[in-house]
Amino acid sequence: MIAERHLNAIILAILVVIPAYAVIADEPFTITLATKAVILALAGVGLNFALGQGGLVSFGHAAYFGIGGYAMGILASHAQSYTPLMEVPFVIEGTNSMPVIWLVAVISGGLLALLIGALSLRTQGVYFIMVTLAFGQMLYYFAISWPAYGGEDGLSIYVRNQFPGLNTLVPIQFFGLCFAILLIVLFIVNRLNKSPFGLALMGAHQNEERAKTVGIDVYKMRLVAFAISGAITALAGALFADLNRFVSPVMFDWHTSGQIMVFIILGGVARLFGPIVGASLYILLEHFLGGVSEYWQIYLGAILFFMVLFAKGGIIGRLSKKEQTHGG
Amino acid sequence: MSTLLLIEQVLNGLQFGVMLFLMAAGLTLIFGVMGLINLAHGSLYMIGAFAAAAVAGWTGSFVLALMASLMAAALFGALIELTVIRRLYARDHLDQVLATFALILIFSEATRWTFGSFPLFLDTPDWLSGTVMLPGGIQYSLYRLAIIIIGLIVAAGLFLLISKTRVGMRIRAGENDREMIGALGVDISVLYTMVFALGAALAGLSGALVGAIQSVEVGMGEPVLILAFVVIVIGGIGSIKGALAGAILVGLTDTLGRTVLPVVFSTFMEASAATSVGSALASMLIYILMAGVLIFKPTGLFGSA
Amino acid sequence: MISKTAKHTLKAFGAATALSMTLATGAFADGHGAVKVGMITTLTGGGAGLGVDIRDGFMLAVEQSGNTNIEVVIEDDQRKPDVAVQLSDKMIQSEKVDILTGIVWSNLALAVVPSATAQGKFYLSPNAGPTQLAGKGCHENYFNVAWQNDNLHEAAGAHAKATGYANSFILAPNYPAGQDALTGYKRYYDGALAGEVYTKLGQTDYAAEIAQIRASGADSVFFFLPGGMGISFLKQYADSGIELPVVGPAFSFDQGILQAVGDAALGVQNTSQWNKDIDNAANKAFVETFQAAYGRLPSLYASQGFDTANLILSAMAKADVKDQDAFRAALKEADFASVRGDFKFGNNQHPIQNIYVREVIKEGDVYTNKIISTALTNHQDVYAAECGLN
Amino acid sequence: MADSILDVRDIHKSFGALKASDGITLDLKPGEIHALIGPNGAGKSTLIKQIAGGLNPDSGSVHFMGRDVSTMSVAARARLGLARTFQISALAMGYTVLENAVLGAVGETGSVFRFFKPAMKDADLLGRAYAALDRVGLRDQAGVITSELSHGQRRQLEVAVALTLAPKAFLMDEPMAGMGAEGSKELTTFLQDLKHEAPILLVEHDMDAVFALADRISVLVYGKIIATGSVADIRANADVRTAYLGEEDAA
């Protein structure tokens with residue numbers, strides 16, 4: 001048993017060492033896997049803010065992951081074909097600049113979450129879980145049948161988008177970029193968690209009545225938290241799309257929502273680094289079990305199941321001794 | 001669209017709804033009594049269909065196949081309840097979602113391992129195939145009519161079970177107050193296993209009934225599972241009455257939506273585009289319905305806060 | 001047993017063959033350099049049957065060749081495009097394969113093929129033939145060994161026209177391949193349309209559509225509903241008592257799912273570029289050996305996997321894969337005995353081939369197809385003209 | 001009645017056939033403890049909910065500090081200075097004692113939308129929280145997780161959280177419940193002191209405490225106030241004796 005902050009430092013170190021080793025050993029695919037882990041972890045960090053800190057069990061975060069992906073896909077495909085996105089009332093051109101794409105992804109993810117949250121937060125418990133799922137499915141079917149951007153075929157972007165000063169097609173550089181974003185977001189989320197906002201959000205999670213009786217507008221607070229959460233997951237979606245140079249409606253599928261949730265539960269709900277551990281472990285399992293048997297999903301299912309039953313608090317909860325609080 | 005066609009489509013929507021009800025009833029019972037979100041309910045549906053297909057293949061009897069589906073699903077239901085599910089009652093919804101999600105993976109791949117990657121054959125029996133002429137000149141599938149009747153019988157049976165019998169009284173007590181039922185001296189763990197097996201049997205039955213006119217294949221339970229959740233959420237979780245109302249509402253909305261919307265759109269759009277846009281909207285319609293219901297009634301139509 | 005997926009098993013299998021076939025293949029083995037093939041296909045979940053067939057057909061050809069210079073790495077894409085993309089990265093970056101193949105679905109192919117060919121790898125499609133890759137988006141390293149997506153639907157349209165259908169009701173799921181299917185049908189069919197319906201992808205209940213068909217006054221029905229959707233539709237259609245003739249592409253009538261449809265499919269006419277009764281030596285041998293090896297009749301997909309492997313083997317005999325230009329030229333010659341009979345590539349490296357009309361029959365207890373006519377002879381897709389290759 | 005802090009006017013609330021509030025009128029004046037007593041099921045909780053927010057009356061109004069707050073949310077009323085403690089402790093059980101107090105202080109600042117400065121390093125919030133903990137004598141327990149507190153300590157913490165709001169009036173739902181004799185006595189003294197800061201509407205079962213503390217008492221029976229008056233008035237009131245105290249004695 002070690003302190004959570006030490007554990008977190010070890011986790012970060014592993015995430016740096018593995019790709020560094022892969023560069024030396026010339027194993028670019030290992031870097032790709034690590035990049036995927038980092039990006040999915042980021043999606044998880046987004047959900048974890050709503051789910052862990054806020055107690056808002058969203059089963060529809062694929063909506064934000066997908067909208068981020070499509071923000072990238074739509075902008076980049078227009079840049080690729082040199083056609084403007086819209087001409088009336090004013091011209092908007094596509095772009096292949098990552099920072100612009102990220103900004104669009106974050107804003108559209110945040111706005112979408114604001115809209116969905118405003119409606120969903122009227123419900124609670126299982127109803128909330130299911131109504132968020134419903135919104136996710138709505139977008140999924142919309143994306144499949146909307147022909148303008150490929151429908152079920154999705155959109156292929158032949159070249160990864162650009163970031164000033166980097167060659168994003170070099171795996172380690174793209175990894176570095178994603179890792180840096182993850183660190184920045186982790187820093188921000190950590191501050192958020194500890195801020196009065198985070199304190200009140202978690203307080204309302206633990207006891208909603210209490211938060212209300214000290215004068216906190218719980219609905220409005222949760223709505224803002226939900227929007228922040230959606231914006232972060234949308235950013236991850238944009239990066240994921242760039243990792244694959246491809247977007248498709250699968251990003252909106254309920255399995256995607258479930259998977260992001262799995263990362264959090266595996267790693268540890270409301271633990272800052274929970275999604276990172278969860279996503280990394282999931283990808284490792286998927287990668288190695290896939291080589292063991294055609295029926296590898298049986299093993300994956302069994303492992304997930306035993307994790308739920310016997311590792312309460314996720315892996316971080318198991319390994320670290322300190323309960324996360326605002327103390328200190 | 002002619003009135004006659006519209007009536008037939010209403011009937012189709014009703015039949016689709018009744019089918020959903022069989023699935024949703026178990027789901028809502030299990031949630032109402034044990035407070036469990038069971039994503040693996042779709043797997044029990046699949047098990048029912050596979051058991052029916054296997055038994056129909058051996059014996060050629062549809063009735064035996066239906067009984068096999070009931071028994072196999074109930075057996076599997078009881079088995080997983082006794083071994084794993086009961087450990088989840090005290091957990092929060094999040095753990096339940098993940099654990100039962102894991103069960104889906106296990107069940108799906110184990111089924112594929114047992115039965116192979118190809119869909120199985122299950123057909124309607126001769127005495128239920130073909131069509132009947134309904135009043136007004138509607139030619140309607142006998143089998144679908146049978147599904148409507150079976151569904152309504154099951155619904156009536158469930159209402160009687162819950163309102164009139166001792167077991168039903170215990171179920172109602174369990175919904176209201178888990179401690180009280182313990183105090184009544186009822187062995188609660190037996191009750192839970194029974195309720196879970198009952199819900200599983202209903203799912204298995206609907207899998208078999210539907211399997212005869214659809215495709216018996218791995219993964220067949222998932223789309224239905226999502227629909228069943230939509231149904232019980234619209235109806236209010238835990239309420240059988242709500243499940244019935246929700247199922248029929250969803251069935252009608254979906255069926256009428258996908259036939260009427262393209263027609264509506266074609267009044268002001270070019271035909272091909274109208275079909276495409278109309279169908280796109282139709283595929284989103286039940287989710288829009290669900291969101292709409294929850295916005296105005298946050299605990300569903302018949303749900304209690 | 002080559003029906004196991006793991007690559008370890010396959011390597012072991014390769015070693016075993018090497019021992020037993022040294023004499024027979026001695027000349028072959030020292031011909032040209034080794035080739036590593038990465039196969040990304042669907043082996044789990046609902047669509048696994050198709051991927052399993054492609055894999056089994058492919059591996060059968062490899063086994064029969066006795067060529068020890070070919071190594072095959074197989075991975076499961078779970079029918080998810082993002083997984084497929086990552087597997088292709090893995091195959092290219094980590095396994096360092098020369099050729100990719102195996103993808104079943106158009107949307108997955110669209111996710112993988114452009115970037116794989118851009119990275120200088122060959123991609124040989126054993127099943128999907130999306131429009132985007134046939135016209136302007138064609139690529140010198142992309143070969144389609146199956147068909148362009150429209151082909152079988154065009155053949156169905158041609159067949160409907162030839163049969164004299166004048167008022168078809170047509171339906172397909174509302175997604176790009178479904179929209180292409182209806183377009184393809186309409187390209188060759190010139191009668192009226194009694195109705196045109198897009199269903200929800202993954203829909204399993206077709207009561208509403210069937211009621212529309214009944215009310216529409218159509219004289220024939222064309223549908224494209226792959227996988228479980230087609231099984232559901234056919235069973236429900238048969239149960240509805242509507243007697244209108246049905247035509248469709250082979251996908252809903254293929255060996256793998258026909259047993260699940262049962263009597264409901266009997267007599268239905270469908271279009272395909274292959275059937276087990278095509279009369280040539282290669283096909284006879286293929287059907288027999290496939291049945292012997294796997295205990296089931298081969299499907300369309302198995303035949304496409306088999307042809308894909310033989311195409312690669314034929315090119316290996318002529319050129320070293322490291323010499324891309326030579327190898328590409330060898331592939332383009334298509335100098336192998338296709339189970340379809342005549343087979344050659346057009347300028348866009350998609351097949352020019354006959355497409356037949358088959359009818360579903362019952363042989364003993366087994367449902368299968370027999371060819372009744374040829375719908376289109378030496379048919380090439382319409383997009384070839386837009387392709388810059390020649 | 002301009003001098004009333006809290007003013008409940010002719011509230012009616014029915015659940016089906018049950019009239020939980022049947023024309024209740026009562027007020028709370030500065031500097032007083034006004035106790036609300038009544039047998040179980042008399043409608044005390046329903047009344048408190050309508051005063052605190054969260055349950056809207058069918059008719060009638062609630063005025064607080066001269067404003068009609070009848071349609072305001074719980075949070076909005078709390079922000080105006082209406083503090084509340086609960087019958088069953090409503091605290092963030094996973095938080096430390098200090099965190100709970102800081103949560104109250106955050107609420108008092110009026111805006112929860114402060115995203116960057118750590119709450120537990122904010123001198124202003126901490127000062128307010130510690131001051132409240134000091135007053136109820138929980139400072140030594142500041143670092144303890146709330147779920148580990150004794151029952152009595154939780155009641156104290158409830159009061160402390162209410163204090164961080166610098167309230168204009170308190171609604172206290174059975175603060176004595178579950179307290180030992182010693183604790184009750186201490187709390188009694190404390191409340192005597194507190195009422196000069198902000199008046200207290202007190203729902204309490206402990207009759208000794210009520211008679212010791214209250215300046216005025218209202219008796220609620222079947223949704224109606226049957227009597228309001230000083231301790232002596234109520235002791236002497238015949239109706240109250242039969243309707244309420246009599247039952248109590250018999251039980």
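At which residue does helix 1 of chain B bend? The legends below begin with that helix and describe a predicted model.

**View 1. Helix 1 of chain B and its bend at B:Met23.** The axis of helix 1 of chain B turns by about 30 degrees at B:Met23. The helix covers residues 3-34, and its end C-alpha atoms lie 45 Å apart. This agrees with the expected span, because 32 residues at 1.5 Å a residue should reach 46 Å. Most of helix 1 of chain B is covered, with 26 of its 32 residues buried. After the helix comes B:Gly35, which has a positive phi, near 70 degrees.

**View 2. The C-alpha trace of chain D.** Chain D contains 9 helices and 10 strands. Its C-alpha trace spans about 55 × 40 × 35 Å along the principal axes. The radius of gyration of chain D is 18 Å, which agrees with the value near 18 Å for a compact globule, because that is what 251 residues would give. Of the 251 residues of chain D, 49% count as buried. Among contacts in chain D with a separation of 6 or more, 66% are between residues 24 or more positions apart.

**View 3. The open sheet of chain D.** Six strands of chain D form an open sheet with mixed pairing, in the order 6-7-8-3-9-10. Strand 6 (82-85) and strand 10 (224-229) of chain D are the edge strands, and each pairs on one side only. From one strand to the next, the twist averages 15 degrees.

**View 4. Strand 6 and strand 7 of chain D.** Strand 6 of chain D pairs with strand 7 (residues 169-173) of chain D in the parallel sense, over 4 bridges. One of the bridge partners in strand 7 of chain D is D:Leu171, which is matched with D:Arg84.

**View 5. Helix 1 of chain D across the sheet strands.** Helix 1 (residues 44-52) of chain D lies across strand 3 (33-37), strand 6, strand 7, strand 8 (200-203) and strand 9 (216-221) of chain D. Relative to strand 7 of chain D, this helix runs at about 150 degrees.

**View 6. The contact between chain A and chain D.** Chain A gives 26 residues to the contact and chain D gives 31 residues. On the side of chain A that touches chain D, the elements giving two or more residues are helix 6 (171-194), helix 7 (196-206), helix 8 (208-213) and helix 9 (218-244) of chain A. Helix 7 of chain A supplies the largest share of that side, 6 residues.

Methods
Residues numbered from 1 in each chain as written. Chains lettered and ligands numbered in written order. Predicted model: local features only at pLDDT ≥ 70, side-chain atom pairs only at ≥ 80, totals over all residues. Rg over C-alpha atoms; globule rule 2.2 N^0.38 Å. Buried ≥ 20, exposed ≤ 12 C-beta atoms within 10 Å, placed from the backbone. Contact = placed C-beta atoms within 7 Å. Expected span 1.5 Å × (residues − 1). Bend = angle between axes of the 7 residues up to and from the residue. Pairing = 2+ DSSP bridges. Axes fitted to C-alpha atoms, helices over the stretch in contact; angles between N-to-C directions.
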